[in-house]
Structure formats: C-alpha cells, structure tokens
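Please look over the sequence and the model shown here before reading on. The paragraphs below lead from the overall fold to the charged side chains.

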Amino acid sequence: TDNLVHIGHGSIIGKRSRIAPNATISGNVTIGKKVWIGPSVTISNNIIVKDYADIVIGSVVISDIEREEKVSGNFALNHIKNLRNNAKIRLNK
C-alpha cells in the first residue's frame, strides 16, 4: 500500500495485492490476492474484486470484478471493451 490510500471499515485485502497512491476503497470491500489497484482508483461499498484482477488508473468501480479481469474507466468496464468503445467514439467525431 502506497501514500494517501484510504481503506474503509470492514474491508479485506488479499495477500500480495498492490494499492497505488490516492486510491479509495470504501467499506466492506473484499480484495482477492495479487490484485493491482492503480492510482486514483475508487471502489464503491460492498464490492468483491477477485484474485489477479487489474484496475487501471482512475477507474471508478461500482460492480464486482471477476478473477483475472482488467477494468478501466468511469464507470469501470472490461478494459478491452472500454478501449474499443473509446476508439469508436473518436472515429465518429
């Protein structure tokens, strides 16, 4: 865990999980093992982040994250789907 990290009441952090600066983990969140939580990530209450998940910089998590899933964005979605959606938006401008 790095500087300026807030971990709310009742939260459980799994072994070897890494939490970058300025992350906010609300109450009663369960983080699995070997999870990466990037800088400035916000995780809402009562969320489960399963083992080996990656949460990219600045993501806002409002639903559970599956094992080995990588998410990004506000609100956090599967990272590859999020990149494709952003590319479509830029191409349509």
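What follows is a walk through the chain, its salt bridges and one surface patch.

This is a predicted model, in which local features need pLDDT of at least 70 and side-chain atom pairs count only at pLDDT 80 or more, while totals for chains, interfaces and linings use all residues. Residues are numbered from 1 along each chain as its sequence is written, and side-chain values use heavy atoms, with hydrogens and water left out.

The secondary structure consists of one helix and 12 strands, where helices (H or I, at least four residues) and strands (E, at least two) are DSSP runs numbered from the N terminus. Along the sequence the pattern reads β-β-β-β-β-β-β-β-β-β-β-β-α. The radius of gyration is 13 Å, close to the 12 Å that the globule rule gives for 93 residues, so the chain is as compact as a globular protein of that length; the radius is taken over C-alpha atoms, and the rule is 2.2 Å times the number of residues to the power 0.38. Along the principal axes, the C-alpha atoms fill a box of roughly 45 × 25 × 20 Å. Of the 93 residues, 35% are buried (buried means under 20% relative accessible area, exposed over 50%, partly exposed in between, with a 1.4 Å probe and protein chains only).

The structure holds three salt bridges, each defined as a side-chain nitrogen of Lys or Arg within 4 Å of a carboxyl oxygen of Asp or Glu. In one of them Glu66 meets Lys50 at 3.3 Å, N to O. This pair links distant parts of the chain, 16 residues apart, with Glu66 in the loop between β10 (60–61) and β11 (70–72) and Lys50 in the loop between β8 (48–49) and β9 (54–55). Glu66 is partly exposed at 42% relative accessibility, and Lys50 is partly exposed at 37%.

Asp51 and Arg67 also form a salt bridge, at 3.6 Å, N to O, and this pair likewise joins the loop between β8 and β9 to the loop between β10 and β11. Arg67 is also bridged to Glu68, with the closest N and O atoms 3.9 Å apart, and Asp51, Arg67 and Glu68 are thereby linked in a network of salt bridges. Within the network, Asp51 is partly exposed at 22%, whereas Glu68 is exposed at 56%.

Elsewhere, Lys15, Arg16, Lys33 and Lys34 form a positive surface patch, for which residues need over 30% relative accessible area and no salt bridge, like charges being joined within 9 Å. Lys15 lies in the loop between β2 (12–13) and β3 (18–19) and is exposed, with a relative accessible area of 70%.

Conventions
Patch = residues over 30% accessible without salt bridge, like charges linked within 9 Å, V, L, I, M, F, W, Y side chains within 5 Å. Areas by Shrake-Rupley, 256 points an atom, 1.4 Å probe, with all protein chains shown as cover. Lys, Arg positive; Asp, Glu negative; His and termini not counted. Charge placed at Lys NZ, Arg CZ, Asp CG, Glu CD.
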